[in-house]
Number of protein chains: 2
Amino acid sequence: MSARILVVEDDPTVAEVVARYLERDGHQVECVDDGAEALRRALASPPDLLVLDLMLPRMDGLQVCRKLRERWPVPVIMLTALGEEIDRVVGLETGADDYVTKPFSPRELALRVQSVLRRARGATAPSGTGVLRDGDLTVDVGAHEVRLGDREITLTAREFDLLAHLMRNPRQAFSRTALLDQVWGWSFGDSSTVTVHVRRLREKVEPDPTAPRRIVTVWGVGYRYEPSDVP
Amino acid sequence: MSARILVVEDDPTVAEVVARYLERDGHQVECVDDGAEALRRALASPPDLLVLDLMLPRMDGLQVCRKLRERWPVPVIMLTALGEEIDRVVGLETGADDYVTKPFSPRELALRVQSVLRRARGATAPSGTGVLRDGDLTVDVGAHEVRLGDREITLTAREFDLLAHLMRNPRQAFSRTALLDQVWGWSFGDSSTVTVHVRRLREKVEPDPTAPRRIVTVWGVGYRYEPSDVP
DNA sequence: CACACTCCGTCACCACTCCGTAAGGATGAG
DNA sequence: CTCATCCTTACGGAGTGGTGACGGAGTGTG
């Protein structure tokens with residue numbers, strides 16, 4: 001199971017080793033060398049997992065972890081130096097899912113990554129109120145909150161339901177009457193209602209509403225949600 | 001959904017991590033480092049849940065579990081070291097409700113605890129104690145006392161229950177009818193009741209009630225508790 | 001028992017947001 | 001080009017949330 005992983009580590013040698021090893025496991029890896037930048041990126045485009053060094057310039061790993069965890073439960077693996085084992089308590093307290101002490105074997109880290117990912121997917125999948133993600137678009141169903149990048153955008157209840165429904169069924173084309181039925185709960189009604197709501201939703205969600213990339217119209221059929229991260 | 005939890009663990013570091021984490025979920029946690037003592041205490045004052053290490057001085061976890069189960073169907077989560085996985089079978093056989101292998105993530109343990117408590121909710125009565133904290137706001141559920149900074153503020157019974165319920169489920173959006181059901185215990189009624197109580201609660205809890213930062217309204221949905229950004 | 005007090009649920013009012021509809025313009029397919 | 005389909009805009013009604021106030025129920029006190 002491939003995942004998007006953000007590695008936050010100021011030692012370029014360690015970062016590269018970790019990245020190579022994780023990429024060999026089929027993951028998509030991004031590297032950052034400073035805490036504040038890590039937080040910014042993680043908020044803008046939430047990864048599936050964070051590998052986080054404890055000692056970082058500008059903002060340490062604990063702060064980053066805490067800040068992120070306020071937003072949504074992103075899985076985190078902490079990297080700690082050998083002498084920092086006292087911090088293990090603090091690290092686990094802030095909600096890290098696992099920790100690895102330096103010097104570590106890349107193989108061990110990879111195993112932990114797999115383990116944490118497995119747990120995380122098991123934990124979020126069956127729960128009805130999860131987090132829908134696509135690129136820099138994040139939909140927190142439980143909190144009823146949507147953010148595009150690091151900015152929160154306010155959606156109407158209907159807009160929210162519509163977006164959530166489309167994102168839950170990516171690449172699936174829905175007719176207007178089908179959406180009217182499944183989102184609105186109506187069995188009759190004017191289908192132009194859907195059209196207008198899609199338009200308003202695009203205005204808020206699409207970078208360029210005149211050229212939609214997420215909510216695509218399927219001519220003669222209806223609409224479809226197109227995920228952005230397809231490598 | 002708060003509970004009294006007895007943690008039986010001889011490693012003080014692990015015990016402390018577990019205790020802190022569970023307390024943050026609003027549970028009332030007690031720690032013991034010895035099997036026989038655990039059995040004594042659990043029999044004297046039965047907790048809602050037992051977190052039980054397998055390897056213990058004087059009496060191992062399995063014996064404790066078995067002895068307890070003879071007298072009281074207390075829910076049990078087993079902690080096992082990595083190499084002891086064979087004992088997992090035995091642990092479940094003796095009636096443990098779940099097991100977690102060390103090293104474990106506190107988050108996973110917390111999830112298991114919630115899950116086990118949910119399952120066992122029908123058999124054991126929840127006691128409803130603990131301390132909820134967010135920034136300068138402290139809610140002592142047991143003492144029924146609320147402090148904002150160094151000042152104590154007086155809340156009505158309903159206001160207290162409402163605040164506690166929201167803080168126990170941070171960032172989770174509740175509809176008015178859901179709150180009416182979960183806090184008031186009604187299955188019908190005027191939802192404007194909730195509106196007014198939220199208003200009165202904001203008047204006491206929010207620094208600026210006209211611009212709420214903690215109890216946020218989600219338009220067309222209901223309300224949500226937003227933890228403060230300051231760690 | 002009478003009184004004062006607090007808490008609670010309800011209501012009316014107002015401001016504001018959202019929603020559905022309609023109509024005209026733009027753009028696709030054939 | 002023609003037509004069906006889709007986009008865009010605008011608007012009035014309906015819905016939603018905040019506020020203040022009121023009367024009744026419950027509680028403690030003299």
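**Entry 1: Asp53(A)**

I started at Asp53(A), which sits in strand 3 (residues 49-53) of chain A. A reminder to myself before going on: this is a predicted model. What made me pick this residue is the UniProt record, an unreviewed entry, which places the feature "modified residue: 4-aspartylphosphate" at Asp53(A).

Is Asp53(A) buried or exposed? I looked at the surroundings and found 24 other C-beta atoms within 10 Å, so Asp53(A) counts as buried, given that 20 or more is the cut-off for that. Next I listed the contacts, leaving aside neighbours within four places in sequence: Val8(A), Glu9(A), Asp10(A), Gly61(A) and Leu79(A).

**Entry 2: the strand beside it**

Leu79(A) turned up again when I checked the pairing, as the bridge partner of Asp53(A) in strand 4 of chain A. Strands 3 and 4 of chain A run parallel and are paired over 4 bridges.

I then went along strand 4 (residues 76-80) of chain A and noted that 5 of its 5 residues are buried. In a regular strand, side chains alternate between the two faces of the sheet. I sorted the strand by side: Val76(A), Met78(A) and Thr80(A) are on one, Ile77(A) and Leu79(A) on the other, and both faces are covered.

**Entry 3: a four-stranded sheet in chain A**

Further along chain A, I found an open sheet of 4 strands, ordered 6-7-8-9 and paired antiparallel. Which strands stand at the edges? They are strand 6 (131-134) and strand 9 (151-153) of chain A; each has a single partner strand, so one side of each has no neighbour in the sheet. Ignoring direction, I get an average turn of 20° between neighbouring strands.

For a closer look I took strand 6 and strand 7 (residues 137-140) of chain A, an antiparallel pair with 4 bridges. One pairing I wrote down is Val131(A) with Asp140(A), its bridge partner in strand 7 of chain A. Helix 6 of chain A packs on this sheet and touches strand 6, strand 7 and strand 8 (145-148) of chain A. Its direction makes about 70° with that of strand 6 of chain A.

**Entry 4: over to chain B**

In chain B I found an open antiparallel sheet of 4 strands in the order 6-7-8-9. Its edges are strand 6 (131-134) and strand 9 (151-153) of chain B, each with a single partner strand. From one strand to the next, the twist averages 20°.

Here I followed strand 7 (residues 137-140) and strand 8 (residues 145-148) of chain B, which run antiparallel and are joined by 4 bridges. Thr138(B) has Arg147(B) as its bridge partner in strand 8 of chain B. Helix 6 of chain B packs on the sheet too, touching strands 6, 7 and 8 of chain B, at about 70° to strand 6 of chain B.

**Entry 5: the DNA**

Which residues come nearest to DNA strand C? Of the 25 around it, they are Thr156(A), Arg158(A), Asp190(A), Thr156(B) and Arg158(B). Helix 6 (157-168) and helix 8 (192-205) of chain A, and helix 6 (157-168) and helix 8 (192-205) of chain B, each give two or more residues to this surface. By class I have 8 nonpolar, 11 polar and 6 charged residues there.

Around DNA strand D I have 19 residues, with Arg199(A), Thr210(A), Thr217(A), Arg199(B) and Thr217(B) coming nearest. The elements giving two or more residues here are helix 8 of chain A and helix 8 of chain B. Helix 8 of chain B gives the most, 4 residues. My class tally for the surface near strand D is 8 nonpolar, 9 polar and 2 charged.

How values were computed. Residues numbered from 1 in each chain as written. Chains lettered and ligands numbered in written order. Predicted model: local features only at pLDDT ≥ 70, side-chain atom pairs only at ≥ 80, totals over all residues. Near = placed C-beta within 6 Å. Nonpolar A, V, L, I, M, F, W, Y, C, P; charged D, E, K, R; others polar. Pairing = 2+ DSSP bridges. Axes fitted to C-alpha atoms, helices over the stretch in contact; angles between N-to-C directions. Contact = placed C-beta atoms within 7 Å. UniProt positions renumbered as here; feature names shortened; annotations may be inferred. Buried ≥ 20, exposed ≤ 12 C-beta atoms within 10 Å, placed from the backbone.
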